[in-house]
Each structure stands twice: as C-alpha cells, then as structure tokens.
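Some questions about the interior of a protein model are taken up here, each with a reasoned reply. Please keep the coordinates at hand while reading.

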Amino acid sequence: IFLLVSVLEHDSAKVTDVENRVVTAAQAGLPGLLLNAEGRSDLEPDARLEFFIETARQSFDGAISLARLHPLDPDDQIGPAQVLRFTDAEQQSLLRRDRTAVQRRIRFSGDGAVYELMFELHP
C-alpha cells in the first residue's frame, strides 16, 4: 500500500474546493502514469513500481500547483508531497493478527513550521 501525502496551509481558500480540484487532476493522470510504467520494458517489475510511485508523486505535486492556480489560492504547500508506504509483510502480519497496528510518521517542514503526521494501518 502506498499513499501520497501533502500538507497545505489554510489561510483563505475553501478547503473542499482545493481538495476536489487536486483529486480530479490527480485521478485523471494516474491511468496514463500506470500505462507508462508498465510499458517500461527496460525496468524490472520492482523498478517499474518505483518508477510509477515517483512519477505519481511528481504528478500529485503538479496537480496541487494547478489546483492552487484556479482561482489563485494564496495558501502554500508545505514541502513536496511524500510517499507513505506499508509493506506486504506488514499487511500480512495485521491480517494474521500478529500485531494490532502499523504506524508511520511523516514530517513536513516549511512556511516557518514543522508538521508531523502519524498514520496507522489496522486490520
């Protein structure tokens, strides 16, 4: 499992409007990014996945930039988007009930502050 995570400050824009524009733009690009990665015969399967994840992360940052342009949104993105991952082994251990949760922390720095987000994956 991987998730793309980004933090934007909230001063004046309507949060749902920015969110909807980001989701629409990001979702529209994912099929093409996946086809591009799958077509990379010069890469091994694991490298193709990494290529897809990185291009999706870059595309997500681009979608955020576009969403902030229309109408002009003065709220800043705090650092670049980051990838949050949970491994197959972690997922399997949760399904077997070997553990109750897997935690991940991501730190974003910018605009004079540091933000630390904690995520938990549960069975």
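The questions and answers below concern this predicted model, beginning with a pocket and moving on to cores and strands.

Q: Which element gives the most to the lining of the largest pocket?
A: The largest pocket holds about 320 Å³ of space, and 16 residues line it, with Ser6, Leu8, Val18, Glu19 and Val22 lying nearest its centre. Strand S1 (2-5), helix H1 (15-38) and helix H2 (45-69) each supply at least two residues of this lining. With five residues, the element that gives the most is H1.

Q: How many residues in the lining of the largest pocket are nonpolar, polar and charged?
A: The lining comprises 16 residues in all. Divided by class, these are 10 nonpolar, two polar and four charged.

Q: Which strand supplies the largest share of the largest nonpolar core?
A: The largest nonpolar core has 10 residues, among them Val5, Val7, Ile78, Leu84, Val102, Ile106 and Phe108. Three residues of this core, its largest share, come from residues 102-110, which form strand S3. A second, separate core of nine residues includes Val22, Phe60, Ala63 and Ile64.
The strand asked for is S3.

Q: What is the bridge partner of Ile106 in S4?
A: S3 and strand S4 (residues 113-121) run antiparallel and are joined by nine bridges. Their hairpin has two residues between the strands, and Asp111 takes a positive phi near 55° there. Val5 touches both Ile106 and Leu117, along with other residues including Phe60 and Phe119. Within S4, the bridge partner of Ile106 is Leu117.

Methods: Residues numbered from 1 in each chain as written. Predicted model: local features only at pLDDT ≥ 70, side-chain atom pairs only at ≥ 80, totals over all residues. Heavy atoms only, no water. 1 Å grid on protein atoms, 1.4 Å probe; cavity = no way out; pocket = protein on both sides within 12 Å on 5 of 7 lines; lining within 4 Å. Points joined across faces, edges and corners; volume = space filled by probe spheres on them. Helix = DSSP H or I, 4+ residues; strand = E, 2+ residues; numbered from the N terminus. Nonpolar A, V, L, I, M, F, W, Y, C, P; charged D, E, K, R; others polar. Core = buried A, V, L, I, M, F, W, Y, C linked by side-chain atoms within 4.5 Å. Buried < 20%, exposed > 50% of the residue type's maximum accessible area, 1.4 Å probe, protein only. Contact = heavy atoms within 4.5 Å. Pairing = 2+ DSSP bridges. Lists of a residue's contacts leave out its neighbours within four places in sequence.
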